[in-house]
Amino acid sequence: MKILHFHTGTDSMITKYINMLSDVMTEYAEVYTASTLISFRKQFHKHHPDIVHIHGCWSIQTAFAALMAIRKEVRIVVTPHGQLEQWVMKQDYWTQKMPQTIVYQRRIVHLAYAVIVMGRMEESNLKQMKWSTRIETVRNPLVTETCLLYTSDAADDKA
């Protein structure tokens, strides 16, 4: 299986999450990443992924990447990274969120094979929005990884 992760590269936490995810997934799949639309197009045409994993929302670049995958009949998975939370949706609603929702954001989430959320609050909010019924929850993956690393290091120190 080939998976192409796309993010805009502007959020260091999303970048860290993708790096962690890619490290874990390489045992099970061919994993590629892109943080610009140009690199996404190159990776997409070079590797012909089975899944495109879109990270984040509200960026026209993520919309173009998702719509390109949809047009080529490649499944997409969307991880909003909290960007569909109610408080985020209220920011610049009339000038940005509402027009982007109408033009592309709702459609992308609705067409996604799965939407991966980071906690109960985000899951609850997405269910209320009724944009998707295919919601999977991964709770605090970066915190969990960090805790596991510290626990593992502490165990190594005792041995």
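Which residues of helix 5 are buried? They are Lys97, Gln100, Thr101, Tyr104, Gln105, Ile108 and Val109, where buried means under 20% relative accessible area, exposed means over 50%, and partly exposed is in between (1.4 Å probe, protein chains only). Keep in mind that this is a predicted model, where local features need pLDDT of at least 70, side-chain atom pairs count only at pLDDT 80 or more, and totals for chains, interfaces and linings use all residues. Residues are numbered from 1 along each chain as its sequence is written, and side-chain values use heavy atoms, with hydrogens and water left out.

Let's step back to the whole chain. There are seven helices and six strands, taken as DSSP runs (H or I of at least four residues for helices, E of at least two for strands) and numbered from the N terminus. Read from that end, the order of elements is β-α-β-α-β-α-β-α-α-β-α-β-α. The chain has 159 residues, of which 45% count as buried. Contacts here are heavy atoms within 4.5 Å. Take the contacts between residues at least 6 apart in sequence, and 66% of them join residues at least 24 apart.

Strand 1 (residues 2-6) is a good place to start walking. Four of its five residues are buried, so the strand is mostly covered. Strand 1 runs parallel to strand 2 (residues 30-34), with five bridges joining the two; strands pair if DSSP finds at least two bridges between them. Across this pairing, Phe6 stands opposite Ala34 in strand 2.

Phe6 also leads us to the aromatics, since Phe6, Phe40 and Phe44 form one aromatic cluster. Rings of Phe, Tyr and Trp (its six-membered ring) pair if their centres lie within 6.5 Å, with planes under 30 degrees apart called stacked, over 60 edge-to-face and the rest tilted. A search of the whole structure turns up three such pairs. One of them is Phe40 with Phe44, a tilted pair at 5.7 Å centre to centre and 35° between the planes. Phe40 and Phe44 are separated by about one helical turn because they are four residues apart in helix 2 (residues 37-47). Both Phe40 and Phe44 are buried. Tyr93 and Trp94 make an edge-to-face pair, because their ring centres are 5.0 Å apart and their planes stand at 80°. Tyr93 is partly exposed, with a relative accessible area of 33%, while Trp94 counts as exposed at 65% relative accessibility.

Now back to helix 5 (residues 93-111). What does its geometry look like? A straight helix of 19 residues would span 27 Å at 1.5 Å a residue, but helix 5 spans only 23 Å between its end C-alpha atoms; the expected span is 1.5 Å times one less than the number of residues. Helix 5 also bends by about 70° at Thr101, the bend being the angle between axes fitted to the seven residues ending there and the seven starting there. The cover over its buried residues includes helix 3 (60-71), strand 4 (75-79), helix 4 (86-90), strand 5 (114-117) and helix 6 (120-129).

Lys97 of this buried set has a partner worth a look: its charged end sits over the ring of Trp58, 5.5 Å from the ring centre. The criterion is NZ of Lys or CZ of Arg within 6 Å of the ring centre and within 35 degrees of the ring normal. Trp58 belongs to the loop between strand 3 (51-55) and helix 3, and counts as buried at 13% relative accessibility. Its phi is near 70°, a positive value in a residue other than glycine. Asp92, in the loop between helix 4 and helix 5, likewise has a positive phi, near 50°. Asp92 counts as partly exposed, at 46% relative accessibility.

Past helix 5, the loop leading to strand 5 holds Ala112, which counts as buried at 0% relative accessibility. Leaving out residues up to four places away in sequence, Ala112 touches Ile76, Val78 and Arg134. Ala112 and Val52 are 60 residues apart in sequence and 9.7 Å apart in space, C-alpha to C-alpha. Further along, Arg120 is found in helix 6 and counts as exposed at 62% relative accessibility. Arg120 and Arg139 are 19 residues apart in sequence, with a C-alpha to C-alpha distance of 7.9 Å.
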